[in-house]
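The exercises below are meant to be worked through with the sequence and the model side by side. Try each task before reading its solution.

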Amino acid sequence: MTTLTPPRVEGTVEVRGGRKISFAEFGQARGRTVVWLHGTPGARRQIPEGARVAAAELGVCILGIDRPGVGLSTPHLYDSILDFIPDLEIVLDQLGIGQVAVIGLSGGGPYALAASRGLGERVAAVGVLGGVVPTRGPDAIDGGLVGLASRLGPLIPALRTPLGVVLSLGVRVLSPLGSPGFDLYARFSPEGDRRVFSRPEIKAMFLDDLVGNSRRGLQAPVYDVILFTRPWGFSLAEVKAPVHWWHGDADHIVPLDQARRAVPMLAQASLTVRPGESHLGGLAAAEEVLSTLLEMWDQGR
(Lines give C-alpha, C1' and ligand atoms only; values in the text may rest on other atoms or scores of the structure.)
Protein backbone atom coordinates (compact mmCIF):
# COMPACT_ATOMS: atom_id res chain seq x y z
CA MET A 1 0.00 0.00 0.00
CA THR A 2 1.32 3.45 -0.96
CA THR A 3 2.14 5.69 2.00
CA LEU A 4 1.31 9.38 1.64
CA THR A 5 3.12 12.16 3.46
CA PRO A 6 0.51 13.23 6.03
CA PRO A 7 -0.46 16.85 6.69
CA ARG A 8 1.85 18.55 9.14
CA VAL A 9 -1.22 20.10 10.77
CA GLU A 10 -4.96 20.34 10.04
CA GLY A 11 -7.61 22.57 11.53
CA THR A 12 -10.37 25.12 10.97
CA VAL A 13 -10.57 28.92 10.98
CA GLU A 14 -13.72 30.90 11.74
CA VAL A 15 -14.64 33.27 8.91
CA ARG A 16 -17.55 35.59 8.16
CA GLY A 17 -20.90 34.74 9.70
CA GLY A 18 -19.37 32.28 12.15
CA ARG A 19 -18.74 29.76 9.39
CA LYS A 20 -15.69 27.47 9.38
CA ILE A 21 -13.06 26.95 6.69
CA SER A 22 -10.83 23.90 7.12
CA PHE A 23 -7.20 23.63 6.02
CA ALA A 24 -4.23 21.26 5.89
CA GLU A 25 -0.56 22.22 5.85
CA PHE A 26 2.26 20.25 4.22
CA GLY A 27 5.99 20.88 4.04
CA GLN A 28 7.94 23.33 6.14
CA ALA A 29 6.22 25.22 8.94
CA ARG A 30 7.76 28.65 8.40
CA GLY A 31 8.58 28.49 4.71
CA ARG A 32 7.06 30.56 1.96
CA THR A 33 3.41 29.56 1.60
CA VAL A 34 1.78 28.21 -1.54
CA VAL A 35 -2.01 28.05 -1.30
CA TRP A 36 -3.32 25.01 -3.18
CA LEU A 37 -6.97 25.28 -4.28
CA HIS A 38 -8.52 21.90 -5.08
CA GLY A 39 -10.47 20.83 -8.12
CA THR A 40 -14.18 20.07 -8.55
CA PRO A 41 -14.72 17.72 -6.78
CA GLY A 42 -11.90 17.74 -4.28
CA ALA A 43 -10.83 18.81 -0.81
CA ARG A 44 -7.86 20.06 1.19
CA ARG A 45 -5.74 16.92 0.74
CA GLN A 46 -5.95 16.92 -3.07
CA ILE A 47 -2.24 17.65 -3.24
CA PRO A 48 -0.06 15.08 -5.04
CA GLU A 49 2.69 13.31 -3.16
CA GLY A 50 5.29 14.83 -5.46
CA ALA A 51 4.28 18.31 -4.32
CA ARG A 52 4.26 17.28 -0.65
CA VAL A 53 7.81 15.92 -0.88
CA ALA A 54 9.05 18.84 -3.00
CA ALA A 55 7.59 21.32 -0.51
CA ALA A 56 9.74 19.90 2.27
CA GLU A 57 12.83 19.86 0.04
CA LEU A 58 12.27 23.44 -1.17
CA GLY A 59 11.46 24.79 2.29
CA VAL A 60 7.89 25.64 1.27
CA CYS A 61 4.60 25.34 3.15
CA ILE A 62 1.67 24.13 1.03
CA LEU A 63 -1.71 25.17 2.40
CA GLY A 64 -4.67 23.13 1.16
CA ILE A 65 -8.10 24.63 1.82
CA ASP A 66 -11.59 23.08 1.77
CA ARG A 67 -14.11 25.26 0.00
CA PRO A 68 -17.52 25.49 1.71
CA GLY A 69 -19.49 22.26 1.57
CA VAL A 70 -16.67 19.71 1.75
CA GLY A 71 -14.47 18.41 4.56
CA LEU A 72 -14.93 20.46 7.72
CA SER A 73 -15.90 23.68 5.91
CA THR A 74 -19.42 24.98 6.56
CA PRO A 75 -21.71 24.73 3.50
CA HIS A 76 -22.22 28.16 1.94
CA LEU A 77 -22.97 29.49 -1.55
CA TYR A 78 -21.06 32.68 -2.35
CA ASP A 79 -22.49 35.43 -4.52
CA SER A 80 -19.56 35.08 -6.91
CA ILE A 81 -16.14 33.44 -7.07
CA LEU A 82 -14.56 36.71 -5.96
CA ASP A 83 -16.73 36.62 -2.81
CA PHE A 84 -14.63 33.64 -1.61
CA ILE A 85 -11.53 35.81 -1.26
CA PRO A 86 -12.42 37.71 1.97
CA ASP A 87 -12.73 34.31 3.69
CA LEU A 88 -9.38 33.23 2.26
CA GLU A 89 -7.88 36.46 3.55
CA ILE A 90 -9.19 35.74 7.06
CA VAL A 91 -7.64 32.25 6.94
CA LEU A 92 -4.26 33.67 5.93
CA ASP A 93 -4.44 36.38 8.60
CA GLN A 94 -5.39 33.94 11.35
CA LEU A 95 -2.56 31.59 10.39
CA GLY A 96 -0.06 34.45 10.34
CA ILE A 97 0.72 34.11 6.63
CA GLY A 98 1.81 37.11 4.58
CA GLN A 99 2.58 36.99 0.88
CA VAL A 100 1.68 33.78 -0.97
CA ALA A 101 1.72 32.04 -4.31
CA VAL A 102 -1.53 30.34 -5.34
CA ILE A 103 -2.20 27.19 -7.37
CA GLY A 104 -5.63 26.27 -8.70
CA LEU A 105 -6.38 22.82 -10.14
CA SER A 106 -9.29 22.60 -12.60
CA GLY A 107 -12.23 24.13 -10.70
CA GLY A 108 -9.75 25.75 -8.33
CA GLY A 109 -8.32 27.79 -11.22
CA PRO A 110 -10.96 30.55 -11.13
CA TYR A 111 -10.49 30.90 -7.35
CA ALA A 112 -6.71 31.19 -7.79
CA LEU A 113 -7.18 34.01 -10.30
CA ALA A 114 -9.72 35.64 -7.97
CA ALA A 115 -7.12 35.55 -5.18
CA SER A 116 -4.82 37.75 -7.25
CA ARG A 117 -7.67 40.14 -8.03
CA GLY A 118 -8.88 40.31 -4.43
CA LEU A 119 -5.59 40.20 -2.51
CA GLY A 120 -3.50 42.35 -4.84
CA GLU A 121 0.25 42.36 -4.16
CA ARG A 122 -0.20 39.79 -1.40
CA VAL A 123 -0.27 37.20 -4.23
CA ALA A 124 3.22 36.90 -5.73
CA ALA A 125 2.40 34.38 -8.48
CA VAL A 126 -0.45 32.18 -9.72
CA GLY A 127 -0.35 28.69 -11.22
CA VAL A 128 -3.37 27.26 -13.06
CA LEU A 129 -3.60 23.54 -13.88
CA GLY A 130 -6.28 22.83 -16.48
CA GLY A 131 -8.36 25.69 -15.14
CA VAL A 132 -12.01 26.42 -15.85
CA VAL A 133 -12.61 29.56 -17.94
CA PRO A 134 -15.39 32.20 -17.72
CA THR A 135 -18.78 31.39 -19.25
CA ARG A 136 -20.49 34.74 -18.56
CA GLY A 137 -19.67 38.39 -19.15
CA PRO A 138 -17.22 40.00 -21.61
CA ASP A 139 -14.59 37.27 -21.02
CA ALA A 140 -17.02 34.42 -21.73
CA ILE A 141 -15.55 31.53 -23.73
CA ASP A 142 -17.81 28.93 -25.29
CA GLY A 143 -17.29 25.19 -25.17
CA GLY A 144 -16.33 22.49 -22.69
CA LEU A 145 -18.45 20.84 -20.03
CA VAL A 146 -18.78 24.04 -18.00
CA GLY A 147 -20.02 25.85 -21.10
CA LEU A 148 -22.67 23.15 -21.45
CA ALA A 149 -23.61 23.54 -17.77
CA SER A 150 -23.97 27.30 -18.25
CA ARG A 151 -26.95 26.65 -20.52
CA LEU A 152 -28.65 25.02 -17.55
CA GLY A 153 -27.56 27.84 -15.23
CA PRO A 154 -31.03 28.90 -13.97
CA LEU A 155 -31.94 25.32 -13.05
CA ILE A 156 -28.86 24.39 -11.04
CA PRO A 157 -29.44 26.69 -8.02
CA ALA A 158 -32.95 25.31 -7.60
CA LEU A 159 -31.54 21.78 -7.61
CA ARG A 160 -28.50 22.44 -5.44
CA THR A 161 -29.86 20.72 -2.31
CA PRO A 162 -30.97 17.47 -4.00
CA LEU A 163 -27.78 17.42 -6.12
CA GLY A 164 -25.69 17.79 -2.98
CA VAL A 165 -27.60 14.95 -1.32
CA VAL A 166 -27.12 12.71 -4.37
CA LEU A 167 -23.37 13.39 -4.48
CA SER A 168 -23.02 12.78 -0.75
CA LEU A 169 -24.94 9.52 -0.94
CA GLY A 170 -22.91 8.47 -3.96
CA VAL A 171 -19.65 8.91 -2.07
CA ARG A 172 -21.00 6.97 0.91
CA VAL A 173 -22.12 4.12 -1.35
CA LEU A 174 -18.79 4.00 -3.20
CA SER A 175 -16.61 4.43 -0.10
CA PRO A 176 -16.68 0.72 0.84
CA LEU A 177 -15.58 -0.13 -2.71
CA GLY A 178 -12.52 2.08 -2.35
CA SER A 179 -9.81 0.95 -4.74
CA PRO A 180 -12.04 -1.14 -7.08
CA GLY A 181 -14.42 1.82 -7.50
CA PHE A 182 -11.52 4.12 -8.34
CA ASP A 183 -10.13 1.60 -10.83
CA LEU A 184 -13.52 1.36 -12.55
CA TYR A 185 -13.69 5.15 -12.94
CA ALA A 186 -10.11 5.29 -14.22
CA ARG A 187 -10.82 2.60 -16.81
CA PHE A 188 -13.37 4.84 -18.53
CA SER A 189 -11.24 8.00 -18.35
CA PRO A 190 -9.28 9.38 -21.33
CA GLU A 191 -5.85 7.91 -21.95
CA GLY A 192 -4.00 10.91 -20.50
CA ASP A 193 -5.91 10.73 -17.22
CA ARG A 194 -5.53 6.93 -17.10
CA ARG A 195 -1.77 7.40 -17.04
CA VAL A 196 -2.12 9.81 -14.11
CA PHE A 197 -4.52 7.51 -12.25
CA SER A 198 -2.18 4.55 -12.76
CA ARG A 199 0.41 6.13 -10.46
CA PRO A 200 -0.09 4.52 -7.01
CA GLU A 201 0.54 7.75 -5.12
CA ILE A 202 -2.07 9.64 -7.20
CA LYS A 203 -4.64 6.92 -6.59
CA ALA A 204 -3.89 6.95 -2.87
CA MET A 205 -4.26 10.74 -2.78
CA PHE A 206 -7.68 10.72 -4.45
CA LEU A 207 -9.00 7.95 -2.21
CA ASP A 208 -7.75 9.69 0.93
CA ASP A 209 -8.93 13.14 -0.13
CA LEU A 210 -12.35 12.62 -1.63
CA VAL A 211 -13.57 9.68 0.44
CA GLY A 212 -11.98 10.81 3.68
CA ASN A 213 -13.14 14.40 3.40
CA SER A 214 -16.66 13.85 2.09
CA ARG A 215 -18.23 12.01 5.02
CA ARG A 216 -20.08 15.14 6.18
CA GLY A 217 -21.44 15.84 2.71
CA LEU A 218 -20.33 16.89 -0.73
CA GLN A 219 -22.08 20.15 -1.61
CA ALA A 220 -18.97 22.06 -2.70
CA PRO A 221 -18.98 20.74 -6.31
CA VAL A 222 -22.58 21.91 -6.75
CA TYR A 223 -21.70 25.36 -5.43
CA ASP A 224 -18.71 25.46 -7.78
CA VAL A 225 -20.79 24.68 -10.85
CA ILE A 226 -23.31 27.36 -9.90
CA LEU A 227 -20.55 29.97 -9.58
CA PHE A 228 -18.84 28.86 -12.80
CA THR A 229 -22.08 29.63 -14.66
CA ARG A 230 -22.32 33.14 -13.18
CA PRO A 231 -20.13 36.22 -13.71
CA TRP A 232 -17.00 35.70 -11.61
CA GLY A 233 -17.07 39.19 -10.08
CA PHE A 234 -13.93 40.35 -11.91
CA SER A 235 -12.41 40.36 -15.39
CA LEU A 236 -9.32 38.41 -16.38
CA ALA A 237 -7.58 41.69 -17.22
CA GLU A 238 -7.83 42.67 -13.53
CA VAL A 239 -5.55 39.77 -12.51
CA LYS A 240 -2.22 41.56 -12.06
CA ALA A 241 0.01 38.82 -10.59
CA PRO A 242 2.12 36.81 -13.07
CA VAL A 243 0.26 33.66 -14.09
CA HIS A 244 1.63 30.41 -15.51
CA TRP A 245 -1.03 28.13 -16.97
CA TRP A 246 -0.46 24.40 -17.64
CA HIS A 247 -2.95 22.61 -19.90
CA GLY A 248 -3.15 19.22 -21.60
CA ASP A 249 -3.75 19.18 -25.35
CA ALA A 250 -6.17 16.24 -24.92
CA ASP A 251 -8.25 17.83 -22.13
CA HIS A 252 -11.81 16.51 -22.50
CA ILE A 253 -13.37 18.78 -19.86
CA VAL A 254 -11.75 22.16 -20.54
CA PRO A 255 -10.51 22.02 -24.16
CA LEU A 256 -7.08 23.49 -24.84
CA ASP A 257 -8.61 26.09 -27.13
CA GLN A 258 -10.34 27.64 -24.10
CA ALA A 259 -7.00 28.07 -22.33
CA ARG A 260 -5.44 29.52 -25.48
CA ARG A 261 -8.20 32.15 -25.57
CA ALA A 262 -8.17 32.91 -21.83
CA VAL A 263 -4.42 33.33 -21.24
CA PRO A 264 -3.98 36.40 -23.53
CA MET A 265 -6.74 38.17 -21.55
CA LEU A 266 -4.57 38.09 -18.42
CA ALA A 267 -2.22 41.00 -17.72
CA GLN A 268 0.95 38.87 -17.63
CA ALA A 269 0.63 35.17 -18.33
CA SER A 270 2.26 32.27 -20.11
CA LEU A 271 0.90 28.90 -21.25
CA THR A 272 2.62 25.51 -21.15
CA VAL A 273 0.90 22.85 -23.24
CA ARG A 274 1.40 19.28 -22.01
CA PRO A 275 1.29 16.94 -25.01
CA GLY A 276 -0.91 13.87 -24.77
CA GLU A 277 -2.30 14.81 -21.37
CA SER A 278 -5.93 15.24 -20.44
CA HIS A 279 -7.61 17.22 -17.68
CA LEU A 280 -5.56 16.07 -14.69
CA GLY A 281 -2.15 15.93 -16.34
CA GLY A 282 -0.95 18.89 -14.30
CA LEU A 283 -0.92 16.69 -11.19
CA ALA A 284 2.02 14.81 -12.67
CA ALA A 285 3.94 18.09 -13.00
CA ALA A 286 3.68 19.10 -9.34
CA GLU A 287 7.41 19.58 -8.81
CA GLU A 288 7.73 21.65 -11.99
CA VAL A 289 4.75 23.77 -10.96
CA LEU A 290 6.18 24.53 -7.52
CA SER A 291 9.63 25.37 -8.88
CA THR A 292 8.18 27.63 -11.57
CA LEU A 293 6.05 29.57 -9.10
CA LEU A 294 8.99 30.06 -6.74
CA GLU A 295 11.08 31.39 -9.64
CA MET A 296 8.28 33.81 -10.55
CA TRP A 297 8.07 34.85 -6.91
CA ASP A 298 11.83 35.54 -6.80
CA GLN A 299 11.71 37.52 -10.03
CA GLY A 300 8.94 39.67 -8.58
CA ARG A 301 11.10 40.47 -5.57
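Buried here means under 20% relative accessible area, counting protein chains only. The model is a predicted one.

**Exercise 1.** Determine how many residues of helix α3 (residues 109-119) are buried, and find which elements they pack against.

*Solution.* Begin by applying the cut-off along the helix, which gives nine buried residues out of eleven, so that α3 is mostly covered. These are Gly-109, Pro-110, Tyr-111, Ala-112, Leu-113, Ala-114, Ala-115, Ser-116 and Leu-119. Next, follow their contacts outward: the buried residues pack against the strands β3 (32-37), β5 (100-105), β6 (123-129) and β7 (243-248), and also against the helices α2 (85-94) and α10 (220-228). Finally, look just past the end of α3, where Gly-120 has a positive phi of about 60°.

**Exercise 2.** Identify the residues that touch the most other members of the largest nonpolar core, and the element that gives this core its largest share.

*Solution.* The core holds 50 residues, and those touching the most other members are Val-35, Leu-88, Leu-113 and Trp-245. Sorting the core by element then shows that α3 supplies the largest share, with six residues. A second core of 34 residues is separate from this one, and includes Ile-62, Phe-197, Met-205 and Ala-285.

**Exercise 3.** Describe how strands β1 (residues 9-14) and β2 (residues 20-27) are joined.

*Solution.* The two strands run antiparallel and are linked by six bridges, with Thr-12 standing opposite Ser-22 of β2. Tracing the chain between them, one finds a hairpin with five intervening residues, and in its turn Gly-17 has a positive phi of about 70°.

How values were computed: Residues are numbered from 1 along each chain as its sequence is written. This is a predicted model: local features need pLDDT of at least 70, side-chain atom pairs count only at pLDDT 80 or more; totals for chains, interfaces and linings use all residues. Side-chain values use heavy atoms; hydrogens and water are left out. Two strands pair if DSSP finds at least two bridges between them. Helices (H or I, at least four residues) and strands (E, at least two) are DSSP runs, numbered from the N terminus. Buried means under 20% relative accessible area, exposed over 50%, partly exposed in between (1.4 Å probe, protein chains only). Contact means heavy atoms within 4.5 Å. A nonpolar core is a set of buried Ala, Val, Leu, Ile, Met, Phe, Trp, Tyr and Cys residues joined through side-chain atoms within 4.5 Å.
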